[in-house]
Amino acid sequence: MRKIEIFDSTLRDGAQSENVSFSVEDKCNIARALDQLGVDFIEAGNPFSNPKDAEFFRRAPALGLEHAKLTAFGSTRRRGMTAQEDGNCAALLAAGTQWVTIFGKSSRWQVEHVLETSPQENLEMIEDTVRYLTAAGKLVIFDAEHFFDGYKQDPYYAEQVLQVARRAGAERLVLCDTNGGCFPEEIGEITGRMHRQFPGRIGIHCHDDMGCAVAGAMAAVQAGAVQVQGTCTGFGERCGNTNLATVIANLQLKRDCSCIPEDRLPQLTRTARYISEVSNMQLAHAMPYVGKSAFAHKGGMHVDGVKKNTAAFEHISPERVGNQRQILLSEVSGRTALLAKVHEVVPDLSKNSPELGMLVERLKELEFQGYQFEAATSSFELVVLRELGRFTPFFHLELFRIIGEQDCADRHMSSAMVKLRVGDRYEITADEGDGPVHALDRALRKGLEVFYPSLAGVRLIDYKVRVMDTKATAALVRVLIESSDGENVWTTVGVSTDIINASMHALSDSMEYKLYRDLVLQRQS
């Protein structure tokens with residue numbers, strides 16, 4: 001079985017996607033998820049370009065990654081100076097990663113008209129930078145930017161770029177289809193030539209501007225590439241990057257290649273969906289392997305065929321990549337898949353239990369309303385417990401009120417008042433915050449702490465809103481809230497046409513979940 005390295009750039013190239021802005025906590029969470037999936041490299045950002053990436057690298061040693069190797073990303077030194085004088089090179093060393101990725105131009109036209117320097121100086125910039133980093137003990141991955149366009153324009157110069165980088169000590173030479181304009185057969189042919197010159201060193205980095213990124217990556221691997229770069233779900237600048245979820249499944253299931261540990265492959269769907277939620281990007285239902293509709297069948301001969309033999313209309317078993325089959329508009333849709341999730345919460349429920357059927361219908365109803373529990377597993381637990389009558393609410397929210405205000409110093413503040421009931425006792429509290437959700441969070445916790453002091457340690461660490469339809473200001477929204485008590489992290493969800501109402505549902509679930517988990521742990525001890 002041939003080993004293919006998977007190099008994920010979600011945190012760097014993916015962050016260049018429109019409407020994506022990762023917090024440092026987002027980057028940490030995604031890095032952990034990718035490590036658990038078993039990718040080989042995580043390109044985590046450019047420590048020279050912004051303080052957020054620099055802060056991530058400061059925190060990276062505490063992540064405890066077990067499999068993936070973090071790489072810091074940057075450019076070759078600037079013209080007119082040495083690598084020792086260049087701030088970008090210094091930041092790459094300071095990032096503290098064993099591996100670093102640098103990019104340099106391999107197109108003569110790009111060198112002369114964009115970089116505005118001479119072809120010879122560009123070669124010196126590449127060699128000087130790679131040699132400087134390797135002398136400092138770094139393992140270097142060199143991204144040959146615009147390689148395929150450059151090769152078609154001037155193959156001799158494009159090859160020179162790779163030769164210089166390799167001579168200076170680069171471990172990997174990555175051929176980049178930076179503009180995403182090359183057909184797969186071109187990529188395969190040119191990659192094959194480079195593989196013969198640099199066996200065991202070639203990587204591939206495709207963009208999806210023609211919809212050919214996955215096909216281009218597959219052609220490159222067939223031609224000898226040993227590393228595939230991309231992003232987990234394919235998002236990135238312009239039209240996106242190579243979709244690694246698709247490439248991993250294609251290579252591992254159909255090309256006898258090893259991309260991630262075999263026992264991690266069933267985590268592929270969960271990881272892709274989790275990263276999409278954290279990125280606040282909607283995962284396309286029709287995305288191969290991991291999309292919601294990848295194994296969905298609706299009516300007629302397809303359903304009949306799948307019921308007789310799943311191979312009739314499925315090229316693989318969905319369980320192999322952690323997805324599930326859907327028989328749409330069927331009263332038994334999702335029953336088997338749901339049982340596995342329910343067993344994590346209520347182990348004694350059987351497959352033929354009438355309560356399971358009730359849960360299926362309830363979850364269908366919630367999904368129709370806009371709920372999604374892939375990331376909000378804590379809310380899912382609460383739904384199961386409530387529907388089965390195994391949950392006693394710790395409190396009842398009677399009412400809440402929000403007041404927005406702006407003072408003369410142009411500061412935007414919100415005030416929240418909350419009335420809640422615990423048993424036959426009532427508590428009315430108020431607090432201020434930097435926005436309505438912040439104010440609600442503080443007021444709710446202040447009131448609940450009277451009854452449950454352990455909630456004093458709970459804090460809201462992330463908040464995301466997704467618009468579910470196109471009705472402008474009357475649109476349905478889904479709110480995801482991530483909370484922590486310093487030891488554990490959990491996510492809850494709320495849905496409404498009123499963003500404040502959706503937020504309050506998610507906040508209330510967060511508090512209920514914390515209290516429930518504390519009670520369960522207390523019983524176990």
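# Close-up views of a predicted model

The second largest pocket has a volume of about 400 Å³. The structure shown in these views is a predicted model.

**View 1. The lining of the second largest pocket.** There are 19 residues in this lining, and those nearest the centre of the pocket are Tyr371, Arg386, His505, Ser508 and Asp509. Four elements each supply at least two lining residues: helix H14 (354-369), helix H15 (377-387), strand E13 (396-406) and helix H17 (499-524). Which of the elements gives the most to the lining of the second largest pocket? Helix H17 does, with six residues. Sorted by class, the lining of the second largest pocket has ten nonpolar, four polar and five charged residues.

**View 2. The largest cavity.** Searching the whole structure gives two cavities of 30 Å³ or more. The largest cavity holds about 120 Å³ of space. Twelve residues line the largest cavity, and the closest to its centre are Val278, Asp462, Leu480, Glu482 and Thr491. Two or more lining residues come from each of helix H11 (268-278), strand E16 (459-467) and strand E17 (477-484). Six residues of this lining are nonpolar, two are polar and four are charged.

**View 3. The second largest cavity.** About 40 Å³ is the volume of the second largest cavity. Its lining is made of Glu277, Asn280, Lys464, Val465, Arg466, Arg478, Val479 and Leu480. Strands E16 and E17 each supply at least two of these residues. How many residues of the lining of the second largest cavity are nonpolar, polar and charged? Three are nonpolar, one is polar and four are charged. Leu480 is listed in this lining, and Leu480 is also among the residues closest to the centre of the largest cavity.

**View 4. The largest nonpolar core.** This core has 85 residues. Within the core, the residues with the most contacts are Phe56, Phe142, Phe147, Ile204, Leu268 and Val321. Helix H10 (residues 244-254) gives the largest share of the core, seven residues. Phe147 touches Ser106, Ala158, Leu162, Leu175, Cys176, Ile190 and Met194, when residues up to four places away in sequence are not counted.

**View 5. A second nonpolar core.** Separate from the largest core is a second one of 52 residues, which includes Tyr371, Trp490, Val493 and Val495. Tyr371 appears in View 1 as well, as one of the residues nearest the centre of the second largest pocket.

**View 6. Ser484 and its contacts.** Ser484 lies in strand E17. Is Ser484 buried or exposed? At 5% relative accessibility, Ser484 counts as buried, because buried means under 20% relative accessible area. Leaving out neighbours within four places in sequence, the residues in contact with Ser484 are Gly457, Val458, Arg459, Ile461, Val489 and Trp490. Of these contacts, Trp490 is also included in the second core.

**View 7. Ser9 in a loop.** The loop between strand E2 (5-8) and helix H1 (24-37) contains Ser9. With a relative accessible area of 0%, Ser9 is buried. Apart from neighbours within four places in sequence, Ser9 is in contact with Gly14, Glu43, Gly230 and Thr231.

**View 8. Gly96 in a loop.** Gly96 sits in the loop between helix H3 (87-94) and strand E5 (99-105). Its relative accessibility is 59%, so Gly96 counts as exposed. Gly96 and Arg58 are 38 residues apart in sequence, and their C-alpha atoms are 8.2 Å apart in space.

**View 9. Cysteines without disulfides.** A disulfide is a covalent bond between the sulfur atoms of two cysteines. How many disulfides does the count come to? The count comes to zero. Cys28 is in no disulfide, and the nearest cysteine sulfur, that of Cys232, is 17 Å away. Cys28 is buried, with a relative accessible area of 1%. For Cys257, the closest cysteine sulfur is in Cys259, and at 5.9 Å the two sulfurs are too far apart for a bond, because a disulfide needs sulfur atoms within 2.5 Å. Cys257 also counts as buried, at 3% relative accessibility.

Methods
Residues numbered from 1 in each chain as written. Predicted model: local features only at pLDDT ≥ 70, side-chain atom pairs only at ≥ 80, totals over all residues. Heavy atoms only, no water. 1 Å grid on protein atoms, 1.4 Å probe; cavity = no way out; pocket = protein on both sides within 12 Å on 5 of 7 lines; lining within 4 Å. Points joined across faces, edges and corners; volume = space filled by probe spheres on them. Nonpolar A, V, L, I, M, F, W, Y, C, P; charged D, E, K, R; others polar. Core = buried A, V, L, I, M, F, W, Y, C linked by side-chain atoms within 4.5 Å. Buried < 20%, exposed > 50% of the residue type's maximum accessible area, 1.4 Å probe, protein only. Contact = heavy atoms within 4.5 Å.
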